[in-house]
Amino acid sequence: MLWKNSGFSQWRCFLISNKELQINEEIRDKEIRVIDSDGSQLGILATKDAMKIAVEKNLDLVKIAPQAAPPVCRIMDYGKYRFEQAKREKEAKKNQKVIEIKEVCLSLNIDTNDFNTKVNHAVKFLKSGNKVKVSIRFRGREMAHSQMGTALMQKFTDAVSEVGVVEKQPKMEGRSMTMFVSAKPVK
C-alpha cells in the first residue's frame, strides 16, 4: 500500500498474505463497488480512486465479494480483521470437544477375570466421554465359530449397558469382528 509521508511516497514493508481475499494492489478490476469503513456505501468507483480513499484513511482495500458484478470491496484495517478472525477461530476450537475412539481387544477363549478387566477399562473410557471399539480377532479354526464371537459381544454389551449403548452392531470384517459402543447420553 502506498502512503504519503512528508512529500515523498513509500511502500509498506510488510505483506499480509491470505489466499481467500485480495487486498490493495492485488485487486485488478477496473470498477468496484466500495463500502466505507463505517459501513456506508460509497458507490461504484474506479479501483485507483478507491485505493486513494483507503490510503487517505490509512486503511486497506479488501475484496470481500469477488463473484458480484461489479466486485464488492471494503475499506478496513485488514490486520485487525485477520486478528479478530483468528481469535474467533481459536475460541471456537477451544469450545469443541474431541471424542477419541479407544479399542478393547478380546479373544474367543478369554478367561473371566480378563474379561472383567476389559469391561472395567471400557467403562472407564465411556465415563470419560470416549467411544469404545470392541474387537475379536479370530485365529485358525476359530473362524468356523463366529456365533461364539457374537455371544461374547452380547455378553460384553450387557456388562457395559449401565454406562454405554451399542452404536454399531457386531460385524465380521475379514478375520475380526468389531462393534462400537458410545457413552449413554446424560439426562
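Modeller: Before we start, one term: helices here are DSSP runs of H or I with at least four residues, strands are runs of E with at least two, and both are numbered from the N terminus. With that in hand, you can place Lys127 in helix 3. Keep in mind, too, that this is a predicted model.

Biologist: Good, thanks. How many helices and strands are there in the protein?

Modeller: You'll find four helices and eleven strands. The protein has 187 residues, and 30% of them count as buried.

Biologist: And where do I draw the line between buried and exposed?

Modeller: Go by relative accessible area: under 20% is buried, over 50% is exposed. Take Lys127 again: its relative accessible area is 64%, so Lys127 is exposed. Now look across at Val163. Lys127 and Val163 are 36 residues apart in sequence, yet their C-alpha atoms are 6.9 Å apart in space. Across the protein, 55% of the contacts with a separation of 6 or more are between residues 24 or more positions apart.

Biologist: Let's go inside, then. Which residues touch the most other members of the largest nonpolar core?

Modeller: The general idea comes first: in soluble globular proteins, nonpolar side chains tend to be buried together. In this structure, the largest nonpolar core has 20 residues, and the ones touching the most other members are Val104, Leu106, Val132, Val134, Phe156 and Val160. At least two core residues come from each of strand 8 (101–106), helix 3 (112–127), strand 9 (131–137), helix 4 (146–159) and strand 11 (176–183). Helix 3 gives the largest share, six residues.

Biologist: If I click on Val134, what does Val134 touch, not counting residues up to four places away in sequence?

Modeller: Quite a list: Val104, Leu106, Met153, Phe156, Met177, Thr178, Met179 and Val181. There's also a second, separate core of ten residues, with Ile27, Ile32, Met51 and Leu59 among them.

Biologist: Thr178 turned up in that list for Val134. Is Thr178 buried or exposed?

Modeller: Buried, because its relative accessible area comes to 4%. Thr178 sits in strand 11. Setting aside residues up to four places away, Thr178 touches Lys133, Val134, Ser135, Met153, Gln169, Pro170, Lys171 and Glu173.

Biologist: How do I read a helix that has a buried side? Which residues of helix 1 are buried?

Modeller: Here's the trick: an α-helix has 3.6 residues a turn, so residues three or four places apart point the same way. In helix 1 (residues 47–56), the buried ones are Thr47, Ala50, Met51 and Ala54. They span an arc of only 100° around the axis, which means they sit on the same side of helix 1. Turn helix 1 to its other side and you see Lys48, Lys52 and Glu56, which are exposed.

Biologist: What do the buried residues of helix 1 pack against?

Modeller: Strands: strand 4 (31–35), strand 5 (41–46), strand 6 and strand 7 (72–76). And just after helix 1, check Asn58, which takes a positive phi of about 60°.

Biologist: Strand 6 caught my eye. Is Val62 buried or exposed there?

Modeller: Val62, which belongs to strand 6, has 0% relative accessibility, so Val62 counts as buried. Its contacts beyond four places in sequence include Leu21, Ile23, Ile27, Val72, Met76 and Tyr78. For a distance, try Val62 to Val72: ten residues apart in sequence, with 8.6 Å from C-alpha to C-alpha.

Biologist: Lys63 is in strand 6 as well. Is Lys63 buried or exposed?

Modeller: Lys63 is buried, because its relative accessible area is 7%. Its side chain makes a polar contact with the side chain of Asp29, at 2.6 Å. Beyond its neighbours within four places in sequence, Lys63 is also in contact with Leu21, Gln22, Ile27, Pro71, Val72 and Cys73, among others.

Biologist: Last one: how many aromatic pairs does the structure hold?

Modeller: Two. For Phe115 and Phe156, the ring centres are 6.0 Å apart and the planes stand at 85°, so this pair is edge-to-face. Phe115 is in helix 3 and Phe156 in helix 4, 41 residues apart, and the pair links these distant parts of the chain. Both Phe115 and Phe156 are buried. Finally, look for Lys155, which lies over the face of Phe115, 4.7 Å from the ring centre.

Technical notes
Residues are numbered from 1 along each chain as its sequence is written. This is a predicted model: local features need pLDDT of at least 70, side-chain atom pairs count only at pLDDT 80 or more; totals for chains, interfaces and linings use all residues. Side-chain values use heavy atoms; hydrogens and water are left out. A nonpolar core is a set of buried Ala, Val, Leu, Ile, Met, Phe, Trp, Tyr and Cys residues joined through side-chain atoms within 4.5 Å. Buried means under 20% relative accessible area, exposed over 50%, partly exposed in between (1.4 Å probe, protein chains only). Contact means heavy atoms within 4.5 Å. A polar contact is a pair of N or O atoms within 3.5 Å; within protein, one must be able to donate a hydrogen and the other to accept it, and residues adjacent in sequence count only if both atoms are side-chain atoms. The arc is that of the directions from the helix axis to the C-beta atoms. Rings of Phe, Tyr and Trp (its six-membered ring) pair if their centres lie within 6.5 Å; planes under 30 degrees apart count as stacked, over 60 as edge-to-face and the rest as tilted. A charge sits over a ring if NZ of Lys or CZ of Arg is within 6 Å of the ring centre and within 35 degrees of the ring normal.
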